[in-house]
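Grab a coffee and work through these exercises with the structure open beside you. Each one gives a task, then a worked solution.

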Amino acid sequence: MPENTPVTPAPHPHPEVPVEAREHAEDLGAFVTAAPSSYHAAAEVARRAEAAGFVPLAETDTWDVAPGGRYVVVRDGSAIAFVVPPSAGATTPFTVLGTHTDSPGFKLKPRPTTGREGWVQAGVEVYGGPLLNSWLDRELELAGRLVTRDGTEHLVRTGPFARIPQLAIHLDRQVNDGLTLDKQRHTQPVIGLGEVGDADVLAALAARAELPDGAAVDPADILGYDVVVADTQAPRAFGTHEELWASGRLDNLLSTHAALTALLGATPADLHGVAVLAAFDHEEIGSESRSGAAGPFLADVLGRVSRALGAGGEDRRRALASSVCVSSDVGHAVHPNYPERHDPANHPRAGGGPILKINANQRYTTDAHGAALWQAACDAARVPTQEFVSNNTIPCGSTIGPITATRLGIRVVDVGVPILSMHSARELTAVVDPWYLARAMGAVLVR
């Protein structure tokens, strides 16, 4: 070989992604695609649960809950599904898998049809804390629910409908030195050409409402709506070995899907207590709503289940004292371009398994008992796990964990999956990690 001939390095060995992990990711993609809003997510949880034999419950009805039964109930954009083991009694504890169904983004305002300079636009309000720049130059849809004059609720989604166009570099030569977006002036999406009177956002939504008989909704009958903006790009694997997974709303449909997978795969006779999936709305804005984790939904459901099992006040408190909640939300993988933003000793890596979230100030509620429970579950499921703790100079966010612990007094452990691009319109994880999370959750249910 000539002296100056470059040597091609041997390829770095890379473990094959298990087929089961790929199948789980594909099903996660289908779940995300079916759930562009929290209302669609709750409906998809219920649809999948009912297809697996769960009995749908209405909060306005009397519940006939019995040992050995499986049930699901929806409140607005939240869903709770639960399985009662055949041996359940008055003091049987609960094992709760807690997640959320909403994501940061934008929500449609009142009087939503706006525009200027020959462009028709939709008026939107910022919801939660999105990375605003990530929403630019994407084909977006409107999705959520409409409520008509007779009180009926209709799910709706438009498909590709809107776009927030970025200003050309020729008109802002310093844009690459720092992009600053005004939340009011720069985030209103375009939806068409013409003047404001040439289009009607509500009429477009009415035409696309999901009705079982194919009938149309009269725009004049729409008296209320909760509609958000969602990215329309399909979830997909990519990378040198297709070991990476990109999708909108991984925060936190990834956890919701994993918890639902674990619950649907559980055998009632093997459960350690009543198994519960609690998927809440409004986590991204503080959870303070009737369907958020700070509201009464979970307490209402657990109370009704306890009463059905013959529990009095003393029995219920005994059951809660031995109950546990695994609060699952996505977390931060160490970023290769910003490693200094992470704790020096704790660098959660994508592909390294789910993370145990720890915070001295109880922004995450993990304690020693919770950590031991999670490690034992991961060991039983043969799943790797790793810890996340924030850099002391960068305060962490929070989850439904502290809220659930405060409301119910049960032990809560905070976990998740490491991702990049959190709060982006399109987030990134490793293909194997959602599968690892579902397996660990399954082990928690039967510990």
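**Exercise 1. Work out whether C396 is buried or exposed, and whether C396 sits in a disulfide.**

Start with the surface. This is a predicted model, and in it C396 has a relative accessible area of 14%. Buried means under 20%, so C396 counts as buried.

Next, look for a partner. A search of the whole structure turns up zero disulfides. C396 is in none: the nearest cysteine sulfur belongs to C325 and is 17 Å away.

Now do the same for C325. Its closest cysteine sulfur is in C378, at 15 Å. A disulfide needs the two sulfur atoms within 2.5 Å, so that pair is too far apart for a bond. C325 is buried as well, because its relative accessibility is 1%.

**Exercise 2. Describe the surroundings of H24: which element holds H24, and which residues does H24 touch?**

Step one is the element: H24 belongs to helix 1, residues 19-34.

Step two is the surface. H24 has 7% relative accessibility, so this histidine is buried.

Step three is the contacts. Leaving out residues up to four places away in sequence, H24 touches H257, A258 and T261, along with P434, W435 and A438. Check those numbers against helix 4, which covers residues 250-264.

**Exercise 3. Locate P160 and decide whether P160 is buried or exposed.**

First, the position: P160 is in the loop between strand 8 (153-157) and strand 9 (190-193).

Then the surface: its relative accessible area is 62%. Exposed means over 50%, so P160 counts as exposed.

Exposed or not, P160 has contacts beyond its sequence neighbours. Setting aside residues up to four places away, P160 touches E139, L140, E141 and T232. For a distance to check on screen, try V126: the two residues are 34 apart along the chain, and their C-alpha atoms are separated by 19 Å.

**Exercise 4. Go through the backbone oddities: what is the omega of the bond joining D251 and N252, and what are the phi values of R382 and H423?**

Take the peptide bond to begin with. D251 and N252 are joined by a cis peptide bond, with omega about 10°. N252 is found in helix 4.

Move on to R382. Its phi is near 55°, a positive value in a residue other than glycine. You'll find R382 in the loop between helix 7 (368-381) and strand 17 (386-388). With 72% relative accessibility, R382 counts as exposed.

Finish with H423, where phi is near 75°, again positive in a residue other than glycine. H423 lies in the loop between strand 19 (418-419) and strand 20 (427-430).

**Exercise 5. Zoom out: why does the radius of gyration of the protein agree with a compact globule?**

Begin with the expected value. For 447 residues, a compact globule would come out near 22 Å; the protein has 23 Å, so the two agree.

Add the outline: the C-alpha atoms fill a box of roughly 80 × 70 × 40 Å along the principal axes.

Then the inside. Of the 447 residues, 53% count as buried. Among contacts with a separation of 6 or more, 76% come from residues 24 or more positions apart.

Last, the make-up. The secondary structure comes to nine helices and 20 strands. The accessible surface is about 20,400 Å², and 51% of that belongs to carbon and sulfur atoms. As for charge, there are 36 positive and 52 negative ones, with mean positions 3 Å apart.

Terms used:
Residues are numbered from 1 along each chain as its sequence is written. This is a predicted model: local features need pLDDT of at least 70, side-chain atom pairs count only at pLDDT 80 or more; totals for chains, interfaces and linings use all residues. Side-chain values use heavy atoms; hydrogens and water are left out. Helices (H or I, at least four residues) and strands (E, at least two) are DSSP runs, numbered from the N terminus. The radius of gyration is taken over C-alpha atoms; the globule rule is 2.2 Å times the number of residues to the power 0.38. Buried means under 20% relative accessible area, exposed over 50%, partly exposed in between (1.4 Å probe, protein chains only). Contact means heavy atoms within 4.5 Å. Accessible areas come from the Shrake-Rupley method with a 1.4 Å probe; for residues, only the protein chains shown count as cover. Lys and Arg count as positive and Asp and Glu as negative; His and the chain ends are not counted. The place of a charge is taken as NZ of Lys, CZ of Arg, CG of Asp or CD of Glu.
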